[in-house]
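Q: Please take a close look at one part of the surface and describe its charge. Please then set that part in the context of the strands and chains around it.

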Amino acid sequence: MSTPAENEASIKQESGPSGTVQDKPKKIVVRTGDGEVFELKEEVAMEMETIKTFFMEDNISYETVMPLTNVDSWELVKVIEYCSKYVELKNKENFHKELKAFQDEFVKSMSPKTLLSLSNVANYLEIKYFLDFICQAIADHIKSKDVEYVRELFGVENDFTEEEYEMAKTEAPWAHENLDKDLY
Amino acid sequence: MAIGTMKSPHMPDLHNLPDLVTDKILQLLPTKAAFQVSFLSKNWQGVVSSWPSLNFDEDDDFDRHHLKRHSHYQLQLQHIRFIYFLKGYLDYRKKNDQKEPLDKLRLHMRMYEHQDFSTITKWLKYACQRGLKELDISLVSVDSERLVEIYPYNYFYNLPLVAIATAKSLTSLKLEFVKVLKLWQVYEGLFPSLKILSLKAVRVATGQHLYSVLCQCPSIESLSLSNCSIGNLKFYVCCSSLKYLEVKSCLLNDIRVDHAFNLESFTYLSQPYSECGKMILTNAFNLKYINISVDKYLGEFSLWGCHNTLEASIKSKRIHRFKLFYGYLNAKLSFKADQATILVGELWSQEQFSSDSTYVPRLVSFIKSFSRCKEVRLYNKKVQALTVFKNYRKMTSLPPLPVTSTLLVGIPNPPVVGSRDFIELEDSLRWIAPSAKVLIMQVDAEEDRK
């Protein structure tokens, strides 16, 4: 794991005191919204567009601690777990099979609300493949649930007035089904 | 900090889940469920009339309403609602869309009925007018589930090609449980972008019809057939762009794959007690993988050209003619048959043979592939092509066909009995198959087909 990072280190711009950084894999330091400080491996951190842009755009030195005010420490732990695994498996032969196995395990331990929080974080950190994965997991969870369950889970408030809702129903009666009504 | 099934202390305000995220989630739901969920609030309504990827799945719909598969009456009622939604959503889209492209349409039914024909056909036409790229339809009806052995083709959806003839951007077409019969009018330039074609439980009137459609697919790379029925049992493909060909559990008697310049993988697996008269592949110089299993009998297998890294697995009880030409001597062959006639077609010219010192070892290891055959017949025009010379036999002690009980050699002009050529050939054959009855016979010359 350290060798690719070392290669990356020699191509990417220098940061901090020259020379010493060439031997060790580079680390990027971030601080979460709840005040915890995390050291990320450069190759994992660069999977997150938000972090990548922050450092790359203005050539900011890796010594700067990047604030991630919208991310909680438990969320970052999960994100690091997923991205590290993804980077590890990326170039392997059984990539899809092993990733699927990891994804199944990853989702098992999480409640629907947790998944929702992570989708927010994935969007904020701009990690496309992680966002796709979390959204798919959420979709798979709610696809067999009724509309009221989804309302509660997402905490969505109904901003339709009675008239507006009735009008929507008449416009699309085929979408508002009633199980005990027969349609012929 | 505890992570897992417990709620974490600092829950972000989920009311502010960005539109991008909720839109993404909605678009990953089966379309019927997504449309219903979109009524949660005004900003969830979003872009329901321009979702680029649609997924109408009756199985998901039944699960969503917790319907058990054995309660037939409830399933029928739900099917009516499903069709009602399909019709309504199509009209809704036609009315409200801004002609945005529709990339993917997936329509999987469990309770397809004849009355659904027009709704489905209208959807196909609409989707293709919106630049459809991927089409995946599976129209299982109650009856097709019950009679697995003999599909009731009468009840299948009869796909009208005209409905999808406008889909010039179609790259992937997957059809399951449909029939495509009206093929006598083939449209010019039907599917110019089609790369993937997958047919499962599809009925086609004749092989020529399928061939004429495939001719209109100049970019096709992957073709797979499974449990298909082709009326005259002929399968003919001539697509130089084809890379991957798979035929499983289809009743076919005559298979021909011509101009297989780019073909890399060929799989043919058939049911128990199956027979196949002819299987010919030509110009298959890139073919690296073969997997064939025809249970009872394979009449003729001809491979004209293959890649030098070819790995082939061939299995049948009896193979009447097994012919390989050009480059097969380097192939890794796994051959399982009780009885087979093998044509060693590599060397037709004397010059090639005398200058190639690696021929004999390669011939021996090639013959070894047939070690599990009880009866082996070798054929070649030239005696020398089948002779393993004494100096080589001395070097190796392992005969290639130790348990073969009959070894026949057929040559159009066999050497005269007692001549040096004859004795060398006989010694060579006895060495190749020490337990076998060895016979050298005159046979008619095999046509040199090219």
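A: In this predicted model, a patch of positive charge lies on the surface, where Lys87(B), Lys94(B), Lys122(B) and Lys125(B) gather. Two helices of chain B, α5 (72–96) and α6 (117–129), each supply at least two residues of this positive patch. Lys87(B) may serve as the example: this lysine belongs to helix α5 of chain B. Its relative accessibility is 44%, and Lys87(B) is therefore classed as partly exposed, a class that lies between the limits of 20% for buried and 50% for exposed.

Met109(B) offers a contrast in cover. This methionine is part of strand β2 of chain B, which spans residues 104–109. With a relative accessibility of 2%, Met109(B) counts as buried, because that term applies to values under 20%. Met109(B) also gives a view of the span of the chain: 65 Å separate its C-alpha atom from that of Glu426(B), and the two residues are 317 residues apart along the chain.

Further strands of chain B can be described by their cover and their pairing. Strand β14, made up of residues 265–269 of chain B, is mostly covered, with four of its five residues buried. β14(B) has a parallel partner in strand β12 (residues 244–248) of chain B, to which five bridges join it. Within this pairing, Ser265(B) of β14(B) stands opposite Tyr244(B). β14(B) also pairs with strand β16 (residues 289–304) of chain B, again in the parallel sense and over five bridges. Here the bridge partner of Leu269(B) is Ser293(B) in β16(B).

A further pairing involves strand β20 of chain B, residues 375–379. β20(B) is mostly covered, as four of its five residues are buried. Strand β21 (residues 406–411) of chain B runs parallel to β20(B), and five bridges join the two. One bridge partner can be named: Glu375(B) is matched with Thr406(B) in β21(B).

Chain A remains to be described. Its secondary structure consists of nine helices and three strands. Along the sequence of chain A, these elements follow the pattern α-β-β-α-α-β-α-α-α-α-α-α. Chain A has 184 residues, of which 42% count as buried.

To return to the part in question, the positive patch is formed by four lysines of chain B, Lys87(B), Lys94(B), Lys122(B) and Lys125(B), and helices α5 and α6 of that chain each supply at least two of the patch residues.

Methods. Residues are numbered from 1 along each chain as its sequence is written. Chains are lettered from A and ligands numbered from 1 in the order in which they are written. This is a predicted model: local features need pLDDT of at least 70, side-chain atom pairs count only at pLDDT 80 or more; totals for chains, interfaces and linings use all residues. Side-chain values use heavy atoms; hydrogens and water are left out. Patches are made of residues with over 30% relative accessible area and no salt bridge: like charges are joined within 9 Å, nonpolar side chains (Val, Leu, Ile, Met, Phe, Trp, Tyr) within 5 Å. Accessible areas come from the Shrake-Rupley method with a 1.4 Å probe; for residues, only the protein chains shown count as cover. A salt bridge is a side-chain nitrogen of Lys or Arg within 4 Å of a carboxyl oxygen of Asp or Glu. Lys and Arg count as positive and Asp and Glu as negative; His and the chain ends are not counted. The place of a charge is taken as NZ of Lys, CZ of Arg, CG of Asp or CD of Glu. Buried means under 20% relative accessible area, exposed over 50%, partly exposed in between (1.4 Å probe, protein chains only). Two strands pair if DSSP finds at least two bridges between them.
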